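Welcome, and please open the structure in your viewer. We will go from stop to stop, with something to select at each one.

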Amino acid sequence: MSELISEAGLLKMVLYGSIHCDSEEIFVRSIDSYKYPFKDFIENACDLLEYKDKDQSIKNIKLFIVMGPVESLEVYKKQWDTKIQEYFNDILNENIQAQEMKIDLSTNFFPNLDLLIRLYLNHLIDNNTVYYPRGLLIQNQDLAMMVYYRSIDFDTDDLNDVRDILDIWIEKENPKLMGYQVLIRSFILKKMVGRKIIATLPDQTDSNWILLLEGGGILPLIDSFEEGIAKINSTHLGKWTYGEIEDIILNPVYYLGRHYEPYDLFLEWQYVFFYAIASLRLDFQYDKHKLFFLYQNFLKFIENKICKYSLADTLMNQIEFMKFFSRVISQIKAYLIGEEETGVSKNVLMLMRSRYCYLPVIYELLSISHPKLIEESLSNTPFKDDIWYNLLEQLSIIINPYEKGIILEEIATYLINSISGIKITGRRKRGKREEVDIYFCNVSLDARLWELGALIIVECKNHKKKSTVSDIRNLVPVMDTKGIKSAIIFSTLGFTKDALDEIENQYFNGKLILTVEFNELKELSETNLPYTFLVSKIEKIMELYKDDLRIAY
């Protein structure tokens, strides 16, 4: 079993506590495996660990933490203690200089236990000083927290400060063991980000009120609000909802006889699994029986690593369940190419804005039978200068507006296809209310690309003048209707100031609209690839507005 699968449900993180000795104030920053699920974990963790306060009155303590079920953490702590002992034996027995014992971190892609202990071992050596290792295991019923830090020598221990830092983080994040998975408040709430408030409703089960959010989510107005997050259902509305019926039909309890708990957590994982099948178009690679075999492997993983279950009588045979299974996959796939749908697929897209962190595990499960399948599905078209410059030349010399528009779409298509992890799903899709030039979906293992969301639209504007504010505003209803966060607009002559101002306004409304002009396209080459170009645009906008208070209005 791979590390990704065996460690699923564990929370890995680095905490950085700054203690102001004069005021005794404590500030805590964290890097966790939910917020940074890919190579961005090692990047941000290293940045945090290398940071040093210039104020000499501030005491910094860095903690390396793993959270999970008690029985698992007891095993992992023994393994870590053994590795630490072996590490120091190597230093003593081989008489190696401390700085030469620094461990290479470049081969680690995902946040796993091996990466975290490597970070910790490196942390024990600083400027040729070898620090004393400290570790403890904290238990709270079934949940355990494994904490490692360092001290200057055996006689010095910052345990009280460590506990103060942990108390602050725990009060903020309220970690809980749900099934076998550790969940924290910021991760639970992240799936609510970007959803509009549709209505306020009285909770029929008590005297409190709830917020009804876009996509059918409800947020209770109580102190422990994250514990009450769920989908709107017949208890609140007095009649069955479409999403509720869908969830009931897709509950494997009816054919398998196992009811997974907590069920909302199971549904999250299941919808990410469905999204992976639909977006990678694995139904073209497999027949229904092979797909169902993948699903059974997924369920085995769930009951071993994520959810507990209770037994029940079966009410449906496998053939009947496979029909529903295939229908949901088809619904999501159709939604990704621009077709209208009742609402379930829109909710999946909004869920994927945060639950893309599950994709590494899902891809690993899908790769068990065919190791190269996911690699091939995520591959991109190599970017070639001769093909690119030929497309740009055609755009320059063609006069006919229709043909020029077609070439601009070809340029956009070639650019997108050259970026690994994003897949074009539809072109020139006409709906009931709109026509979209290009749809592409996100299947990447790249946090920067996931800033775009799961489904992105592309518009190609070949006007005789600059694109105007109307071109921007016409995108908004399309994005709202389908739950799309981001769009890219290619324009041969650029954008008016009013159009750029509107793009800025839409950013503060939760929409990321990227502009691409013809002069920028001429700068792309085999040494300046579209991926770098696209990511730099995303990062530039996020950096520009990260401290802008207009986001609060």
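**Stop 1: the largest cavity**

By class, 6 nonpolar, 4 polar and 5 charged residues make up the lining of the largest cavity. Keep in mind as you look around that this is a predicted model. The space inside this largest cavity comes to about 200 Å³. To find the place, select K191, K231, E268, N347 and L351, which are the closest to its centre among the 15 lining residues. Next, colour β13, α10 (263-279) and α14 (344-355), the elements that each give two or more residues to this lining. Which of them has the largest share of the lining? That is α10, with 4 residues.

**Stop 2: from β13 back along the strands**

Stay with β13, which covers residues 230-231, and add strand β12. The two run antiparallel and are joined by 2 bridges. Pick I218 in β12, and you will find its bridge partner A230 in β13.

Now select strand β11 (residues 209-213), which is also antiparallel to β12 and is joined to it by 4 bridges. Here the residue standing opposite I218 is L212. Follow the chain between β11 and β12: the two strands form a hairpin with 3 residues between them. One residue to click in that turn is G215, with a positive phi of about 90°.

Before leaving, show the whole of β12, residues 217-220. In a regular strand, side chains alternate between the two faces of the sheet. In β12, G217 and L219 point one way, while I218 and P220 point the other way. Are these four residues buried or exposed? All of them are buried.

**Stop 3: the second largest cavity**

The structure holds 3 cavities of 30 Å³ or more, and the second largest has about 40 Å³ of space. Select L415, I416, I488, F490, V516, F533 and L534 to show its lining. By class, the lining has 7 nonpolar residues, with no polar and no charged ones. For the surroundings, colour α18 (401-417), β19 (486-491) and α23 (530-545), each of which supplies at least two of the lining residues.

**Stop 4: an enclosed helix**

Finally, select helix α15, residues 359-366. Why can this helix be called largely enclosed by the rest of the structure? Because 7 of its 8 residues are buried, a label used for residues under 20% relative accessible area. To see the buried ones, show L359, P360, V361, I362, Y363, L365 and L366.

Notes: Residues numbered from 1 in each chain as written. Predicted model: local features only at pLDDT ≥ 70, side-chain atom pairs only at ≥ 80, totals over all residues. Heavy atoms only, no water. Buried < 20%, exposed > 50% of the residue type's maximum accessible area, 1.4 Å probe, protein only. Pairing = 2+ DSSP bridges. 1 Å grid on protein atoms, 1.4 Å probe; cavity = no way out; pocket = protein on both sides within 12 Å on 5 of 7 lines; lining within 4 Å. Points joined across faces, edges and corners; volume = space filled by probe spheres on them. Nonpolar A, V, L, I, M, F, W, Y, C, P; charged D, E, K, R; others polar.
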